[in-house]
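Student: Before we discuss particular residues, may I see the sequence and the model together?

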Amino acid sequence: MNVALGTYYAWSVFVPALEREFGWNRAQTSLVPTIDMVTLSSMFLVAGFLQNRIGPRAVAAIGGIIFSLGLFLASFTHSLPMLYCTWGLMIGAGIGFGYLVPITVGSKWFPHHRGLVNGLAIGIFAAGSGIFGPIAGAMLERIGWRSTFQMLAGVFVVFTMVGSYLLKDPPTGYGGPVSRSAGAGRARTSQDVRTSQVIRKPMFVALWAAYALGTTAGTMVISQLVPFARASGLKAGTAAFAITIGAIGSASGRFFSGWMSDHLGRLRTLRAVILTSTVVTPTLYIFREEILAFYVLLFFVYYCYGTQLSVYTALAGDFWGTRYLATNYGLLLLAWGLAGVMGPVLGARVFVNYGTYQYAFFGSAGLACAALIILSMVRTPQTIATQAHA
């Protein structure tokens, strides 16, 4: 399911071809991933409400059909509004429905290994662009972007229908395999908190703001990766391979940091990677012309971005339980949707106005620093309860 849906991260592969054919500028094409992310995060919340009523399998199937149909219809694009409706709205909505189910179902099957199972599910989502990105790039050169869209749509409808068939909730009373680790610093809650209560908690507001600010650097780099690499003097093949490096970094962050957060604690893990993001994002711009340094630093930018998507998911379950996780995390994911607006707009506008990405990279680092300051003040529910009792 997630290998197919995660291919949307390879959007930048198609940007040069679309801009050449239609004469669109970078600001216009950069609006596509912004629409994707805003729609994704919005539909995630809608899918959460539906999943509680019609079940995960139906929600996943709806997502797979909308996603594949959006990609197929995008192949008939002749105008920006049509591109925005198909690759933006339809693909974003399909991902919102499909991306929800593996996360929430996995958290219910493995409640004591939430970081690991979310890391696997979300890591595979990130790996989709690493698998299909280079394939799409090769197909693009041989058969053009329209035929590429159509062939990928056919493959993805098969992937997503098989995936949706296999997804179901555990039986009532299921407890899941027991963790071997106490998980230092992890928050645990035996209470499932309703979404209407969660949204009124100051802790939710703090996490929401930190999530939005911390992921902006990643969304900015993802939306501009291939154009940024080409503007840095890298060859087309080298720039295309950067997508694979980024996918490996993002998948690694989602998996390894998810697993690590089960043992070291969610907040400690988040603080460490956001601090790293603050350093490596501007450093990537400084060493952008050195191929080896470019790849290494790009890996860590994506690693930090992927970590946040994995750990925040597990953190929502730790803080507020798994019963209402679909809608609770759906609200939290709207912060990532805001980052999907800020990141691409920041990168595109800065490049159009100044002819360089310098201010975008350094500005993203500043936003990550602000997220780190907010997270330094967040405490787990256990810590708060202990202080109140004392």
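Tutor: Let us begin with Ala 212, which is buried because its relative accessible area is 3%; buried means under 20% relative accessible area, exposed over 50%, and partly exposed in between (1.4 Å probe, protein chains only). This is a predicted model, in which local features need pLDDT of at least 70 and side-chain atom pairs count only at pLDDT 80 or more, while totals for chains, interfaces and linings use all residues. Residues are numbered from 1 along each chain as its sequence is written, and side-chain values use heavy atoms, with hydrogens and water left out.

Student: Which residues does Ala 212 touch, not counting residues up to four places away in sequence?

Tutor: Ala 212 is found in helix H8 (residues 202-231); helices (H or I, at least four residues) are DSSP runs, numbered from the N terminus. Gly 340 is 128 residues from Ala 212 in sequence, yet the C-alpha atoms are 8.6 Å apart. With contact defined as heavy atoms within 4.5 Å, Ala 212 touches Ala 335, Leu 338, Ala 339 and Met 342.

Student: In which helix is confidence lowest?

Tutor: pLDDT is the predictor's confidence in each residue, from 0 to 100. The protein chain averages 85, and 94% of the residues score at least 70. Confidence is highest in H4, at a mean of 94, and lowest, at a mean of 54, in helix H14 (residues 381-389).

Student: Over which residues does pLDDT stay under 50?

Tutor: Where pLDDT is low, the predicted coordinates should not be read in detail. The stretch in question has 29 contacts beyond four places in sequence in the model, and pLDDT stays under 50 over residues 181-188.

Student: What distance separates the end C-alpha atoms of helix H4?

Tutor: The expected span of a helix is 1.5 Å times one less than its number of residues. Helix H4 (residues 56-74) has 19 residues and should therefore span 27 Å, which agrees with the separation of its end C-alpha atoms, 27 Å.

Student: Against which helices do the buried residues of H4 pack?

Tutor: The buried residues of H4 include Pro 56, Val 59, Phe 67 and Leu 71. The buried residues of H4 pack against helix H1 (2-5), helix H3 (26-54), helix H5 (80-109) and helix H6 (114-166).

Student: With which residue does Glu 21 form a salt bridge?

Tutor: A salt bridge is a side-chain nitrogen of Lys or Arg within 4 Å of a carboxyl oxygen of Asp or Glu, and a search of the whole structure finds four. Glu 21 lies in helix H2 (residues 15-22) and its partner in helix H6, so the pair ties together parts that are 125 residues apart in sequence. With the closest N and O atoms 3.4 Å apart, the partner of Glu 21 is Arg 146.

Student: Which residues are joined into one network by salt bridges that share partners?

Tutor: Arg 266 forms a salt bridge with Asp 318, the closest N and O atoms being 2.5 Å apart. Arg 266 lies in helix H10 (residues 266-286) and Asp 318 in helix H11 (residues 291-320), so this pair ties together parts that are 52 residues apart in sequence. Both Arg 266 and Asp 318 are buried. The network formed by salt bridges that share partners joins Asp 262, Arg 266 and Asp 318.

Key. Helix = DSSP H or I, 4+ residues; strand = E, 2+ residues; numbered from the N terminus.
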